[in-house]
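Here's a quick walk through a model: first some unusual backbone spots, then what's packed inside, then the pockets. Keep the sequence to hand as you read.

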Amino acid sequence: MGIRPVSRRGPRAVFLDRDGVLNRATVRDGKPYPPASADALEILPGVPQALEALKRAGFLLLVVTNQPDVAKGKQSREAVEAIHSRMRAELPLDDIFVCYHVDTDACDCRKPAPGMLEQAAARYGLYLPGCYMVGDRWRDVDAGHRAGCRTILLDYGYRERAADNQPAERVTSLTEAAGWILQDAAKRSDNEITY
């Protein structure tokens with residue numbers, strides 16, 4: 001029995017980091033931090049329109065976010081869930097995947113590990129090389145690369161290590177990222193079969 005072909009047709013997704021991509025992150029000492037509560041959540045300008053454009057093009061919109069402050073005792077799980085409830089109410093998101101671990105937990109879901117993207121692929125039947133990962137940190141780029149996705153970095157010039165892998169594109173807003181994704185997806189064939 002041979003290997004079954006996998007069609008590149010079917011659901012496509014844009015994976016989105018949360019803080020710094022969808023909402024404003026608080027930057028301290030050159031590193032981004034999440035909002036403390038749903039009341040502190042500020043959706044970035046242009047985000048609803050960018051997501052609507054991707055949605056109209058047929059993409060699933062899936063948030064994949066590390067929230068280690070829960071494990072560190074700096075934020076409650078309820079506060080994170082309240083933020084996500086507000087996001088779901090205000091944005092056309094299809095699903096939100098969350099890793100609450102820290103690096104020392106050595107889980108397979110904390111980015112740069114690709115676990116959350118792989119969970120989403122299993123849940124939605126995604127062909128990951130036909131998907132995109134948009135993030136503002138090295139962890140997002142490396143997680144997307146490890147999952148086989150095209151990666152886009154919102155480059156805010158944070159003072160932290162670089163990704164192990166170069167992103168396919170660097171942008172300064174989700175609006176710009178969405179435009180690039182739509183152009184790139186139009187160039188790529190959805191009719192190919194890979195073995």
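A106 is exposed, with a relative accessible area of 65%; exposed means over 50%, buried under 20%, and partly exposed in between, using a 1.4 Å probe on protein chains only. This is a predicted model, so to speak of a local feature we need pLDDT of at least 70, side-chain atom pairs count only at pLDDT 80 or more, and totals for chains, interfaces and linings use all residues. Residues are numbered from 1 along each chain as its sequence is written, and side-chain values use heavy atoms, with hydrogens and water left out.

A106 sits in the loop between strand 6 (95-99) and helix 3. Helices (H or I, at least four residues) and strands (E, at least two) are DSSP runs, numbered from the N terminus. P112 is in the loop between strand 6 and helix 3 too, and a cis peptide bond joins K111 to P112, with omega at about 25°. Most residues other than glycine have a negative phi, and most peptide bonds are trans. Here are the non-glycine residues with a positive phi:

| Residue | Phi | Loop |
|---|---|---|
| D29 | near 50° | between strand 3 (26-28) and strand 4 |
| A106 | near 50° | between strand 6 and helix 3 |

D29 counts as exposed at 69% relative accessibility. There's also a glycine to look at: G148, just after helix 4, takes a positive phi of about 95°.

How many of the residues of helix 4 are buried? The count is 8 of the 10, so helix 4 is largely enclosed by the rest of the structure. Those buried residues are W138, R139, D140, V141, D142, A143, G144 and A147. They pack against strand 5, helix 3 (115-124), strand 7 and strand 8, where contact means heavy atoms within 4.5 Å.

R12, in strand 2, counts as buried at 16% relative accessibility. A polar atom of the R12 side chain lies 3.0 Å from the backbone oxygen of A57.

Now for the greasy part. In soluble globular proteins, nonpolar side chains tend to be buried together. A nonpolar core here is a set of buried Ala, Val, Leu, Ile, Met, Phe, Trp, Tyr and Cys residues joined through side-chain atoms within 4.5 Å. The largest one has 31 residues, of which L16, L22, L93, V134 and L174 touch the most other members. Helix 5 gives the most to this core, with 6 residues. Leaving out residues up to four places away in sequence, L93 touches L16, L22, L51, L61, V63 and M87. A second, separate core of 19 residues includes L62, C109, C131 and C149.

On to the pockets. On a 1 Å grid over the protein atoms alone, a pocket is an open set of points where a 1.4 Å probe fits, with protein on both sides within 12 Å along at least five of seven lines; lining residues have an atom within 4 Å of a point. Grid points are joined across faces, edges and corners, and volume is the space filled by probe spheres set on the points.

The largest pocket holds about 380 Å³ of space. Among its 18 lining residues, P32, P34, N66, P68 and R137 are the closest to the centre. Strand 4 gives the most to this lining, with 3 residues. By class, the lining has 4 nonpolar, 3 polar and 11 charged residues; charged means Asp, Glu, Lys and Arg, nonpolar means Ala, Val, Leu, Ile, Met, Phe, Trp, Tyr, Cys and Pro, and the others, Gly among them, are polar.

The second largest pocket has a volume of about 220 Å³. L153, R161, A162, A163 and R170 are the closest to its centre, out of 18 lining residues. This lining has 9 nonpolar, 3 polar and 6 charged residues.

Key:
Polar contact = N/O pair within 3.5 Å; in protein donor to acceptor, adjacent residues only side chain to side chain.
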